[in-house]
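Let's take a friendly walk through this model together. Keep the sequence and the 3D view open as you read.

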Amino acid sequence: MPGSGFTARLAAAAAIGLSGLLISCQQPEPRFFDSDNYPAQLSAWQLFQLNAGEQGHQLTLNPEILPYQLATPLFSDYALKLRTVWLPDGTAARYQDIDTFEFPVGTIISKTFYYPVATPAVTENDSEGAGSDEKPRLLKAGANTSAVIGGALPLDRFRLIETRLLVHQPSGWEALPYVWNNEQTEATLQIAGDIQRLPLEDSTLTYVVPNRNECAGCHVLDQNKGDLSPIGPAARHLNRLVALDDGEHTRQLDVWQQRGWLTDLPAPEQIPANAVWRDSVHEEDSEEAIAQRARAYLDINCGHCHQPGGSGDTSGLFLHAGETSAMRLGVCKPPVAAGRGAGGHRFSILPGQPENSILSYRIASQETGVLMPELGRSLVHDQGLQLIEAWIAQQPGHCN
């Protein structure tokens, strides 16, 4: 029989209304659903569990799923991201050098967006004066930090916004956006997406959850095929050290292999690796280090569109990791269409002059139709802009 500690935790969970989420000593395995039977609530997938115990209100990862981190992650309005993957029993992903790993049918990839909480709550009146919502003031987070400790995320210090799933069906990958409620007890499927006003530091962020169709804007890597694909789970993004619960560091791809979820893994020296993100550029940084970090940043933020076959193919600007041509990377490259997106500048990259380069101009913009990337952000990533400007500033040569 459960002991008194279990009874106390169960009572506490009931008191804060953890509706729809299982509180137990043992978590059931994740569930896979057919495309015609997707559940309305995220809890049905059994990827996570909400617990209320001595450590407070926590989001706990199902031990059957595997969290992972990218070397340099995509910027999304200063949100943190909890990334996880789950593969059915007896299956494994197949390693590939360049492309995303080849995952078996039944794979579930999740990405949960969340922010650090600055204060318990502030009142935000809506623009029409129809009422108010109690929302905690949120903080901008560093792009490569993780708040998950021992497989749990403390919700007294962080606020969940949305969880996106990529589900590998026999017909291909399908995207599902789930939006967390104000009580932080459940996330509900929102096929049409959502818009939220979040008090972020000293301003209000209009946070956009993409609708299901908009996911194709980034996740269709080859416009000729039209199929969705994961972006992050590729060798160059995953080839990094990660901290284990005991504080030791190990190669992340070894963790996948040891779990039996990755086959054909080559020797470490044969695996490509993007640079690990840092939130600032220092004077002592070498030109090579800045270049490696800038290319990694452009690869994850822009490369899925600006690559052969991607939605940015017709621009002639290619920012994926495999590109080696300076012209195709933008150096002295004039825009295909000199509209307002060019900002009056002549070249994507004018060597030594980031202030006169289209690339940095669009990264610095918040204007619809000008800003790049087009989807997934509305704020300027100051640290990313600083890095790209430093990289352009060190480009040699001049344009005619």
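What follows covers model confidence, the aromatic rings, one helix and one histidine.

**Confidence**

This is a predicted model, so it helps to begin with how confident the predictor is in each residue, expressed as pLDDT. The chain has an average pLDDT of 86, and 86% of the residues reach at least 70. Two stretches fall lower. Residues 1-25 stay under 50, and the model gives them 36 contacts beyond four places in sequence. Residues 121-132 are also below 50, and beyond near neighbours in sequence that stretch has 24 contacts in the model.

**Aromatic rings**

How many aromatic pairs does a search of the whole structure find? The search turns up 12. One of them joins Tyr68 and Trp256 in an edge-to-face arrangement, with 5.9 Å centre to centre and 70° between the planes. The two residues come from distant parts of the chain: Tyr68 belongs to strand β3 (residues 66-68) and Trp256 to helix α4 (residues 252-258), 188 residues apart. The pair is also part of something wider, as ring pairs link Tyr68, Tyr95, Phe101, Phe103, Trp173 and Trp256 into a cluster.

Are Tyr68 and Trp256 buried or exposed? Tyr68 is buried because its relative accessible area is 7%, under the 20% cut-off. Trp256 is buried too, with a relative accessible area of 1%.

Another ring has a charged neighbour: Arg259 lies over the face of Trp261, 4.5 Å from the ring centre.

**Helix α5**

Helix α5 (residues 287-302) has 16 residues and spans 21 Å from its first C-alpha to its last, close to the 22 Å expected at 1.5 Å a residue. Its buried residues include Ile290, Ala294, Tyr297, Leu298 and Ile300, and among them are also Arg293, Arg295 and Asp299. What do the buried residues of α5 pack against? Their partners are α3 (235-238), α6 (358-363) and α7 (382-393).

**His381**

Where does His381 lie? This histidine is in the loop between α6 and α7. His381 counts as buried because its relative accessibility is 4%. Setting aside residues up to four places away in sequence, His381 touches Phe75, Tyr78, Trp277 and Tyr297. Tyr297 is one of the buried residues of α5, so you can look for this contact from the helix as well as from the loop.

To finish, here are the accessibility values for the three residues discussed individually.

| Residue | Relative accessible area |
|---|---|
| Tyr68 | 7% |
| Trp256 | 1% |
| His381 | 4% |

Definitions and conventions
Residues numbered from 1 in each chain as written. Predicted model: local features only at pLDDT ≥ 70, side-chain atom pairs only at ≥ 80, totals over all residues. Heavy atoms only, no water. Phe/Tyr/Trp six-rings, centres within 6.5 Å; stacked < 30°, edge-to-face > 60°. Helix = DSSP H or I, 4+ residues; strand = E, 2+ residues; numbered from the N terminus. Buried < 20%, exposed > 50% of the residue type's maximum accessible area, 1.4 Å probe, protein only. Lys NZ or Arg CZ within 6 Å of the ring centre and 35° of its normal. pLDDT = per-residue confidence, 0-100. Contact = heavy atoms within 4.5 Å. Expected span 1.5 Å × (residues − 1).
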